[in-house]
Amino acid sequence: MPSMSLRRLGRHYGVRIGIVIAVLLIVLALGPSMTSYAPSLSLFIKWLINVVLLPLIIYLAIRLTGETLMTRAGTAFKALGSTLVGVVSPIVLAYLFLNGTLGIISYVIHFNKLPSIFAASFVIIVGAVIVNYGRGFGEPIKSSLRYIGFAILLYGTAWLMAIAYAPLGTPFLYASIGSALMGVAILISYTHH
């Protein structure tokens, strides 16, 4: 992404954060009166605030911080900014969304394996984010990050399959270990050149 000036960044994300905060304030202001007329809306309003609006504000704030760091001079600032934008912000958003949704669903559905399903889903998302982040690098870092991302994704898949029936997860677990070893081997061979 081309580097933006701080003023353009502020306008770009400031408008989005402002809209999300405005919607949040409207929901907070109207929420109590809406739930008094329709008590069934209470759960939906909690979900909207805790799972959608607040995580979106945090996500946009992390992205804005990362984009701001990327405009600074220096490789360390650019690397940290890139990591905040490409890895930290989507992972934090996914965690807050899944955790909040699990908290709301637990009121309605009582299923003891639900936390494990959500945790495995989160691991799969983390793997996918790392695979996608790896595309922004040149070889061999790109290959290494992709293998490591696929290892995490396959581990999450193994966990998800094992929830249904333990032996189903075994092939994915072995594939995960193989992928992780490939990623580490590529990284080691790169650092020794």
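## Exercises: charges, rings and cores

Glu67 is buried, with a relative accessible area of 5%. Keep in mind that you're working with a predicted model.

**Exercise 1.** Find out which residue forms a salt bridge with Glu67, and work out how the two sit in their helix.

*Solution.*
Step 1: Search the whole structure, and you get 1 salt bridge.
Step 2: Look at who takes part: Glu67 is joined to Arg63, and their closest N and O atoms are 3.6 Å apart. The cut-off is 4 Å, so this distance counts.
Step 3: Place both residues. They lie in helix H2 (residues 41–71), and because they are 4 residues apart, about one helical turn separates them.
Step 4: Check the surroundings of the partner. Arg63 has a relative accessible area of 18%, so it is buried, the limit being under 20%.

**Exercise 2.** Take the ring pairs Tyr95 with Phe122 and Tyr155 with Trp159, and decide how each should be classed.

*Solution.*
Step 1: Start with the total, which is 4 aromatic pairs.
Step 2: For Tyr95 and Phe122, the ring centres are 5.7 Å apart and the planes meet at 70°, so call this pair edge-to-face. Planes over 60 degrees apart earn that label.
Step 3: See what this pair connects. Tyr95 belongs to helix H3 (residues 75–108) and Phe122 to helix H4 (residues 114–134); they are 27 residues apart, so the pair links distant parts of the chain. Tyr95 is partly exposed, at 42% relative accessibility.
Step 4: Now do Tyr155 and Trp159. Here the centres are 6.4 Å apart with planes at 50°, so the pair is tilted.
Step 5: Both of these rings sit in helix H5 (residues 141–164), 4 residues apart, which means about one helical turn between them. Tyr155 is partly exposed at 41%, and Trp159 is partly exposed at 31%.
Step 6: Don't miss the aromatic cluster made by Phe44, Trp47 and Phe97.

**Exercise 3.** Describe the largest nonpolar core and say which helix gives it the largest share.

*Solution.*
Step 1: Count the members. The core has 12 residues, among them Tyr13, Val20, Leu24, Ile49 and Leu60.
Step 2: Sort them by helix. Helix H1 (6–37) and H2 each bring in at least two, and the largest share, 7 residues, is from H2.
Step 3: Zoom in on Leu24. Once you set aside neighbours within four places in sequence, Leu24 touches Ile49, Leu53, Leu54 and Ile57.
Step 4: Look elsewhere too. There's a second, separate core of 6 residues, including Ile91, Val126, Ile130 and Tyr133.

Technical notes:
Residues numbered from 1 in each chain as written. Predicted model: local features only at pLDDT ≥ 70, side-chain atom pairs only at ≥ 80, totals over all residues. Heavy atoms only, no water. Salt bridge = Lys/Arg side-chain N within 4 Å of Asp/Glu carboxyl O. Buried < 20%, exposed > 50% of the residue type's maximum accessible area, 1.4 Å probe, protein only. Phe/Tyr/Trp six-rings, centres within 6.5 Å; stacked < 30°, edge-to-face > 60°. Core = buried A, V, L, I, M, F, W, Y, C linked by side-chain atoms within 4.5 Å. Contact = heavy atoms within 4.5 Å.
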